Amino acid sequence: MKKITQASLVMMIASVAALNAAVIFEDNFDNEGVSVKKWTASNNFVTSAFKAGEFEVNNSHEISSGSMVHSLSPAPETFTFSVSMKFGAGTDYAGLGVCFQTATNKSYSIFITKNPYVVIFIPGEENGRVTPAPSVSTTNANVVTVSKKGSEFNVFVNNEYVTSFTDAQLPSGGIALNVRPKSTVVYDNVVLEDTFRPAAVKSKITDDFEDGIQNRWVIESNDANVTEANGKLNITTSLDSKAQVFAIANLFLGDSFKVRTEVSMVGGDSNTIYGLTIRGEDQLALFVINGECRYGTLVGSGNFTMGGPSSDIMGKPFKSTTTYFYVDTMEITQSKSTGKITFSVNGVKLAEIPKMNFSITEVGIYCQNNIQLQIDNFYAENYALSSIKPVVRGKVITPFVSSNVYDVLGRLVTGNIKNQNIKNNLSNGVYFMQGQRGRVVLTNR
Ligand SMILES: [Ca+2]
Ligand SMILES: [Ca+2]
């Protein structure tokens, strides 16, 4: 047995103490008599109940959010707040609030949605800020964590870093369990600590699609069937001209990266475009091919000008007595020295675009309507991780176009309305509007 000397024991205790965060407040809801004294409803339409060591909060209001609040005195300016939350029956959002101001019912509010995103509401901003959060579970408890230092906030879901924001309006205040209108959320294990958790930026994603698409991808689709089968990601889009798919994963690409995937067109319209996308804040770039072996790039919005056909692209299946399917390996790379992004297929450079003027925080696969694809061996890596900082997302900007609006579960809410009129026409909630970028959040609190 190893001996521990007095001196080394002291050193161990000292080092453990330095690492340990001090808990400012915690509640595991296992003792109703203790917990009931700690929480106050923000409004009379917010009710709560203790059930089997958990805290169920209900908001019966038609249009207003509500909270169970724990006031803090003094309220810390630097902290990490974690709480476990489960979606109640018929509930699409679960959330928390930090720096809650009792007098005004204002706080920074962070919600997870079932489909799955993190939506951040900042006082004074009409639109929520939206980030894909693939690790959200619709059935099990999710640990949502917000950490603050100064005006910097980092958000984690199930201990995976998701996004950051900066704001200085509410430097401190209470903590809250936020529940959207007509919703029920089941909370547990509230912990508030006095330390700051830095952003843990992911530098690499690989997926061979052998073990389920959950917890890695967010599928943004209005009208498509996306499944994992036979070790591949299978995408089938409908004939509807608006059907399009973004399969998106969070990744901070920095200014030197490679993104690659294998794609097989197995059916559908050979003029439909498909390929890779990179996104950040409210912009994107697309790198696509089609079954006719043409290729193109697009930055922001607008129309594609397709080049080719290129004999280096395999494209649509070949049918004789047997049908032959091909694999095209699509790749985009950014050189740190020039900043240019190169688009290659099967190792042959086809196009190049100038450096992006936005930070890339999401990568993925894109395709339009009326096609069947099989995707395999997706790979994305940032080669310059040490040079980049956590990305602060900008506001989500709604484009002024006529389009369909969908709720968080992808159900059509209303067709062909103009963004300016949405506030007048929709009940409160978060919506997704189909547009060039495939995803726009609209809120109406
Ligand atoms: Ca508990
Ligand atoms: Ca595979």
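In which order do the six strands of the open sheet stand? The answer is given under Figure 2, after an overview of this predicted model.

**Figure 1. Overview of the predicted protein model.** The protein has 445 residues, of which 40% count as buried. Its secondary structure comprises three helices and 35 strands. Among contacts with a sequence separation of 6 or more, 66% are between residues 24 or more positions apart.

**Figure 2. The open sheet of six strands.** The order is 17-20-30-22-23-24, with antiparallel pairing. Strand 17 (218-221) and strand 24 (295-299) are the edge strands, each paired on one side only. From one strand to the next, the twist averages 20 degrees.

**Figure 3. Strands 20 and 30 within the open sheet.** Strand 20 covers residues 245-250 and strand 30 covers residues 362-367. Six bridges join the two in the antiparallel sense. One of the residue pairs is Ala249 with Val363, the latter in strand 30.

**Figure 4. Strand 21 with strands 27 and 31.** Strand 21 runs over residues 257-268 and pairs with strand 27 (residues 328-334) through seven bridges, in the antiparallel sense. Here Glu262 has Thr329 of strand 27 as its bridge partner. Strand 21 also pairs with strand 31 (residues 371-382), again in the antiparallel sense, over 10 bridges. Opposite Lys258 stands Glu381 of strand 31.

**Figure 5. The largest nonpolar core.** This core holds 50 residues, and the members that touch the most others are Val245, Ala247, Tyr274 and Tyr366. Strand 23 (residues 283-290) contributes six residues, the largest share. In soluble globular proteins, nonpolar side chains tend to be buried together.

**Figure 6. Surroundings of Tyr274 in the largest nonpolar core.** Which residues does Tyr274 touch, leaving aside those up to four places away in sequence? They are Val263, Val288, Ile289, Tyr366, Cys367, Ile371 and Leu373. Tyr366 appears in this list and is also, like Tyr274, among the residues that touch the most other members of the core.

**Figure 7. The second nonpolar core.** A further core, separate from the one in Figure 5, consists of 49 residues. Its members include Cys99, Val144, Tyr161 and Leu177.

How values were computed
Residues numbered from 1 in each chain as written. Chains lettered and ligands numbered in written order. Predicted model: local features only at pLDDT ≥ 70, side-chain atom pairs only at ≥ 80, totals over all residues. Pairing = 2+ DSSP bridges. Helix = DSSP H or I, 4+ residues; strand = E, 2+ residues; numbered from the N terminus. Axes fitted to C-alpha atoms, helices over the stretch in contact; angles between N-to-C directions. Core = buried A, V, L, I, M, F, W, Y, C linked by C-beta atoms within 7 Å. Buried ≥ 20, exposed ≤ 12 C-beta atoms within 10 Å, placed from the backbone. Contact = placed C-beta atoms within 7 Å.
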